[in-house]
Amino acid sequence: MKERKVSLGLLLRLGIGLLVLAFFAYRFYGVLARQAYGAETWARLAISGLIIGSVYAVIALGYTLVYGILFMINFAHGEVMMIGAFAGYFVLEAFAASGFSARQPVLAILITFLAGMTVSMLVGISLERIAYRPLRGAPRLVPLISAIGASIFLQNAAQLMFGSMRRTYSNPPALERNVGWVLDVAGKPVSITYTGVLTFAFSVVLMIGLYLLVQRTRLGRAMRAVAENKEAAALMGVDVDRVIANTFAISGVLAGAAGVMWGLHNGIIYHYVGFIPGLKAFTAAVLGGIGNIPGAMLGGIVLGIAESLAPAVLDMPFQLKDVLAFAVLVLVLIFRPTGILGEVLAEEKV
Amino acid sequence: MGLRTGIRTGLIAAIVTIFLILIGVHMLMGRLLQSWFYVPAHWPGVWLMVVLLGLWAGSRAVGQMKARSWGNTLLAGASAGIIQGALVGAALYLLASITQAGVDLRAWLTQMSQESIAALTLGLAPLPAAGFIGGVLLVSAVAGAAWREWRLRVHAARLARGERTVSLRERLLEIPAVAQVSSNPLSRRVLMGVFMVLLLIAPFFLGQYWNYNLGTVGIYVILGLGLNIVVGMAGLLDLGYVAFFAVGAYTMALLTAPQPHHIQMSFWLALPIGVLLAAIAGILLGIPVLRMRGDYLAIVTLGFGEIIRILSKSDVLTGFTGGPRGVRNVGHPVLFGKDIGNEFYFFYFILIGVILAIIITRRLEHSRVGRAWRAMREDEKVAQAMGIYTLKYKLMAFAMGAAMAGFSGAIFASRNSFTGPEDFVLLVSINVLALVIVGGMGSIPGVILGAFVLKGLPEILRELEDYRVLVFGALLVVMMIVRPQGLWPASRPQLERPRPEEEALEEAPAELVEGEVGS
């Protein structure tokens, strides 16, 4: 009889997995048995998770695009988002002061988004030009450390320039925060805010736009070619440096849009605001399978809903939301390092 | 030709200038000159920065030019200066006129106080002030361009005459006495001895404040040596290193403090327990992340560090760790019935720790373990093929690094008599990483140098306090581009005499030269 070999690592992973599942089921059973939360609470949590998740998805796309091409974690991506949020903040401040955002709310929001996206795009391009391009071809640790340095630099530059106080986005009166349609769930009201709907809708538009850009345009084809094989792409006449710069520009645009959405929906921004969303968006990208564009979208939304529901499901204080999100990252990397939809990477990475 | 490079350089220089003004570096320069050179006012420093930026713009424009002629130089310098001057002038005009209208800009841009803008306008109305700063930038850019062109010409002439440029180091070595001392292996030891004696007697002459700071540098040397094992020798980028520091510190605090557990153990018992628990934490973190790629490892360890901090702060563990308020009255070491918990004694205690850490690291580096780590760092697959059980050695690296962090954490908590979640922010990990990288990955003297430069210097240059972390970030990027091997690179044992064409490569550590290219 043939003996089946079971490796220790597999057993260990299975064991941990079963333990985690058992813990999960035990806590969830407790919550359900106590009827701690009504249906309206679950609905509220799921909706807020969906909205925050769509922002994560947009940020995660930036990570995935860059990772797919350069095999590098753009550590400063969260900071690019933060700067976009600040750009939007200043534009809205000016509009609010001049009364423009009361008169022309649609135009004001549009210009705010444009400003945030443009500024973030410029930051993204300069970041690539200054901190990453000279390191092309260096061992993997080197650009990663450079990216960490760039992230710290941007964070502190923002702190020195704008101070470390928390600032509140001055939304146009037509788009107040925490105001929206009210649904009726099991006899209790659940509100869907206008900012939330805007955030979700715009995220979906951006995702579709990016998908079309990558699949249908000349630039998208060049990006895919460079991701597949840089040398071969260069031989086919693709300007690799320009494609990489464009990739950073696109990921900057996405980050800027995410920053403005964050500001409009959550209301509060400060110099550190990009760090945690950046980390979570990276988690989302890994969760969906890094390098995989639909994966990043799915990963973002799954992570958003998971982190919103997990404290309630596991009967833990909501303070531990961030801890649970990181725990998701660790669990994914242990059990399925290639993510839900699988990685889409050309070369094998060590 | 000169025009295009000039315009491009002018744009870059304008952005840099406006950025530096917005983060208040001009005022910093003013204060620095005031306090160091006893300049009576702050405007000389402010304008020194402006002139230097103009000079830089002109010189950079010429440096980037391909066709070299005096006409081109003038064109490049002038166009760079005009663009830089016009943009900076426009920015200043905006800032000054808004301030003049009675709006306090500090609500949005914290550094743009009345005083800070007045230092640039010199009390003029916005328009003439903008013209003035633009003019100054233009003149200095042209001067910078001319200076660079002259330098390049002198250099070219020297090359044409067949003269070799001599570096400062070579010039120093030509002095017989210097050559003799530097070639004598004994002289190094003598120098080390003198340095040690100086360190030993230093606390008698330095005050409490400097003893404390030197102790902090020492703690960071231990932390750096620990991270050096993980990052420098084994090549595992750990961004959550502060977590082990926290484990050591909290173990010490909870075991010796009267609150919240009332164990009040002796310092000498708590110290090894802290080190042991930190090492165990290192192994526990190591197990799940062992198979991860390098960059995933970085982000997971970062997340782990944050988890530890959030947990120690949260309500869940308040009963156990004291929550956000931290733990007070951490125990001091007591030797022969005497409390030796002040800065003076702690300095010696930390010095002993540093020496121990250096000895351990050195022994490890040249042992079988150290060679296995280096092999893993260079290429994991090849190392495996050579029969190295990488899982074991990775765990060893994590455990060793964590134990050193736990040791310094325990001392840190006891010395401050306090520990709390805010002692363990991500910045600590970044500080340690920065000092390891600036000093030289994998190099013991490099780590010590890095700790002095990054932890000691800022204490001397207190004016720079606000800008320290900004500089750290920039330094990480610049070091990676300019000198990835660090200030004091690790020297590898040379088994063979390198052939002449390989000598150039020897400068950079092998992992930077031989690493896979283009993947």
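Of the 519 residues of chain B, 48% count as buried. This is a predicted model. Chain B contains 23 helices and four strands, and its C-alpha atoms fill a box of roughly 75 × 65 × 50 Å along the principal axes. Over all chains, the structure holds 11 salt bridges.

**A buried helix in chain B**

- Helix 11 of chain B covers residues 242-256, which is 15 residues.
- From its first C-alpha to its last, helix 11 of chain B reaches 21 Å, close to the 21 Å expected at 1.5 Å a residue.
- Helix 11 of chain B is largely enclosed by the rest of the structure, because 15 of its 15 residues are buried.

**Nonpolar surface patch**

- A nonpolar patch of about 890 Å² lies on the surface, and residues of chain A and chain B make it.
- From chain A, the patch includes A:Leu12, A:Ile16, A:Val20, A:Leu331 and A:Phe335.
- From chain B, the patch includes B:Leu276, B:Leu277, B:Ile280, B:Ile283, B:Leu284 and B:Ile287.
- At least two residues of the patch come from each of these elements: helix 1 (8-34) of chain A, helix 13 (321-335) of chain A and helix 12 (267-289) of chain B.
- Helix 12 of chain B gives the largest share, six residues.
- A:Phe335 lies in helix 13 of chain A. Its relative accessible area is 35%, so A:Phe335 counts as partly exposed. Patch members need over 30% relative accessible area.

**Positive surface patch**

- A positive patch on the surface is formed by A:Arg129, B:Arg4, B:Arg8 and B:Lys66.
- A:Arg129 belongs to helix 5 of chain A, which spans residues 105-132.
- A:Arg129 is partly exposed because its relative accessibility is 47%, and partly exposed residues fall between the cut-offs of 20% and 50%.

**Salt bridges in chain A**

- Side chains of opposite charge can pair when their charged atoms come close.
- A:Glu128 and A:Arg136 meet through their side chains in a salt bridge, at 2.6 Å from N to O.
- In this pair, A:Glu128 is buried at a relative accessible area of 1%, whereas A:Arg136 is partly exposed at 28%.
- A:Glu128 and A:Arg136 are also part of a network of salt bridges that links them with A:Arg133 and A:Asp241.
- A:Lys280 forms a salt bridge with A:Glu307, and their closest N and O atoms are 3.1 Å apart.
- This second pair links distant parts of the chain: A:Lys280 sits in helix 11 (residues 275-288) of chain A and A:Glu307 in helix 12 (residues 293-313) of chain A, 27 residues apart.
- Both A:Lys280 and A:Glu307 are buried.

**A salt bridge in chain B**

- The side chains of B:Lys394 and B:Glu380 form a salt bridge, with a distance of 3.2 Å from N to O.
- This pair also links distant parts of its chain: B:Lys394 is in helix 18 (residues 390-416) of chain B and B:Glu380 is in helix 17 (residues 380-385) of chain B, 14 residues apart.
- B:Lys394 has a relative accessible area of 5%, so B:Lys394 is buried.
- B:Glu380 has a relative accessible area of 27%, so B:Glu380 is partly exposed.

Notes: Residues are numbered from 1 along each chain as its sequence is written. Chains are lettered from A and ligands numbered from 1 in the order in which they are written. This is a predicted model: local features need pLDDT of at least 70, side-chain atom pairs count only at pLDDT 80 or more; totals for chains, interfaces and linings use all residues. Side-chain values use heavy atoms; hydrogens and water are left out. Patches are made of residues with over 30% relative accessible area and no salt bridge: like charges are joined within 9 Å, nonpolar side chains (Val, Leu, Ile, Met, Phe, Trp, Tyr) within 5 Å. Accessible areas come from the Shrake-Rupley method with a 1.4 Å probe; for residues, only the protein chains shown count as cover. A salt bridge is a side-chain nitrogen of Lys or Arg within 4 Å of a carboxyl oxygen of Asp or Glu. Lys and Arg count as positive and Asp and Glu as negative; His and the chain ends are not counted. The place of a charge is taken as NZ of Lys, CZ of Arg, CG of Asp or CD of Glu. Buried means under 20% relative accessible area, exposed over 50%, partly exposed in between (1.4 Å probe, protein chains only). The expected span of a helix is 1.5 Å times one less than its number of residues.
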